Amino acid sequence: MPHPYETQRMGENGPLLLQDFHLIDLLSHFDRERIPERVVHAKGSGVHGVYKTTHSLSDLCLADMFEEGKECPITVRFSTVGGESGSHDCARDPRGFSVKFKTDEGNWDLVANNTPVFFLRDPAKFPHFIHTQKRDPATHLTHADDSTAFWDYLSQNPESVHQVMILMGDRGIPDGFRFMHGYLGHTVKLVNKKGEWVYCQFHMISQQGTKFLTQEESATKSPDYAQKDLYNAIESGDLPKWSLEVQTMSAREAEDLWEKQKINVFDLTHVWPHKQFPLRKVGELTLNENAKNYFAEIEQVAFNPAHMVPGIEPSADPVLQSRLFSYPDAHRHRVGVNYQQLPVNAPRVNYRMANFQRDGSMAFFNQGSRPNYISSIEPIRFRERTVNLDRVHGNFAGDAVTFLSEIRAEDFAAPRALWEKVFDAGAKERFVGNVSGHMANCKDKEIIKRQIAIFREVSADLASRLEKATGVKGHDGIANLTFNGTHNGMAKGGKAPANGMKSTRVSRCEGNGAPVGGCHGKVDGVNGHANGSNGVAAH
């Protein structure tokens, strides 16, 4: 038509005509421009770049991408966690740090955060926890104005305290996205060409160093501060970089780590000691290209922890296991069942990838006339399996159990080390100020008393400072407390089942979900790698 602003009317001053398809099409498309925002990590920024392996990892992993000199394109999305799409970039909140590696063997999605731990280790708690980070169902306020639900959840699930120490500390508000590290948090497995495997944690270490904003400084920044900083840095040629590094341990070392130090490699609230398991550099990530269209390339990008290349396999970490389902399920709802066909999500390989999925909304690559089943009329060729999954994942045998973790003394060891050995005097002062300031919006003093009791298990000094700052006397530790979300393994006179349920067995696994001695079955004495074909894990 001559001009896109024109409309068809019945005379100069009459009603519109239904036949004006241009206007009808324009308005109906406009009404459908939005797709559902992410339930979690809704506010974010994304860019493209390149990954290069600088130090071979082939002794531990058969993935082609880890051969020295190999490169592949990447798409990275940074985000906050709890807020909606229009929320502030400088909220006190963990940051998402997800990377899509488009390797020659398919996509590997490293779905990480900027903290090495999280608030929970029982996967069914995740939706409950996230609900406390959202708006109140009655007042529609966030915890910036009413923090009652926020602290209520934490005070009933004390395994969250490690993440709370990080969140309320200096790392709680990073200075944009360029000055923070990234951590997978979950334990995965690396498998080499011999079929040997080790447990692994992935780290992305900022080559710009780390910077943080104080609570007061954050209030002076614009809502899109981190997006603006990242975009402008790349446009000006100041390209941010991270080194990709790994911690690894054998199956036997994982068992010993639990037996001797009570550190659980399947526990998302625990960390691996760096002195025992030092970081090993593998490669570098460089971000060098801003998106040409934010919606097409960033809003529609979909990261999936189940997207792994041969040589990387999941562990029995229960929260990781739940994410293997939850993430792609969210993408099918939010973007569409064929979300993997979108250019930003599609793999870049030198062969034609195919499957037996067909049709559905927006199937623009529907694989032509190729049969949608394994056909003898048009035979297809499968790639040989490079990983013996029978050995890597082992055999699990045992009764079905209803498992909920319990809080134990070892859960306070790492938070205590943060307070006593990492935080300097200024950091401690800021931490107390951040916590007490946030608690000022909590309407229930009993919740504050419980949370101070949890902090007392970390440090009596910390609890005393918080009591002075809040004017609330906390309980004397958690020995006399019952938690509605966690079994209390530190209760006076024995274990206190969650929510006071007398009929609930506290746990049928004394290892609290850890890989206890012998659970990997026969272990090779030479290399310490578990031989899963003989492994029996009786959990």
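## A pocket and some salt bridges

The largest pocket has a volume of about 1900 Å³. Lining it are 41 residues, and E105, Y351, M353, A354 and N355 are the closest to its centre. This is a predicted model, where local features need pLDDT of at least 70 and side-chain atom pairs count only at pLDDT 80 or more, while totals for chains, interfaces and linings use all residues. Residues are numbered from 1 along each chain as its sequence is written, and side-chain values use heavy atoms, leaving out hydrogens and water.

A pocket here is an open set of points on a 1 Å grid over the protein atoms alone, where a 1.4 Å probe fits, with protein on both sides within 12 Å along at least five of seven lines; lining residues have an atom within 4 Å of a point. The volume is the space filled by probe spheres set on the points.

Now to the salt bridges (a side-chain nitrogen of Lys or Arg within 4 Å of a carboxyl oxygen of Asp or Glu). The count comes to 26, and three of them are shown here.

| Pair | Closest N to O |
|---|---|
| K70 and D104 | 2.7 Å |
| K292 and E289 | 3.4 Å |
| E299 and R334 | 3.2 Å |

E299 and R334 link distant parts of the chain, 35 residues apart. Both E299 and R334 are buried (under 20% relative accessible area). Salt bridges with shared partners join R38, E299 and R334 into one network.

K292, by contrast, is exposed (over 50%), with a relative accessible area of 69%. Its partner E289 is partly exposed (in between) at 34%.

How values were computed: Buried means under 20% relative accessible area, exposed over 50%, partly exposed in between (1.4 Å probe, protein chains only). Helices (H or I, at least four residues) and strands (E, at least two) are DSSP runs, numbered from the N terminus.
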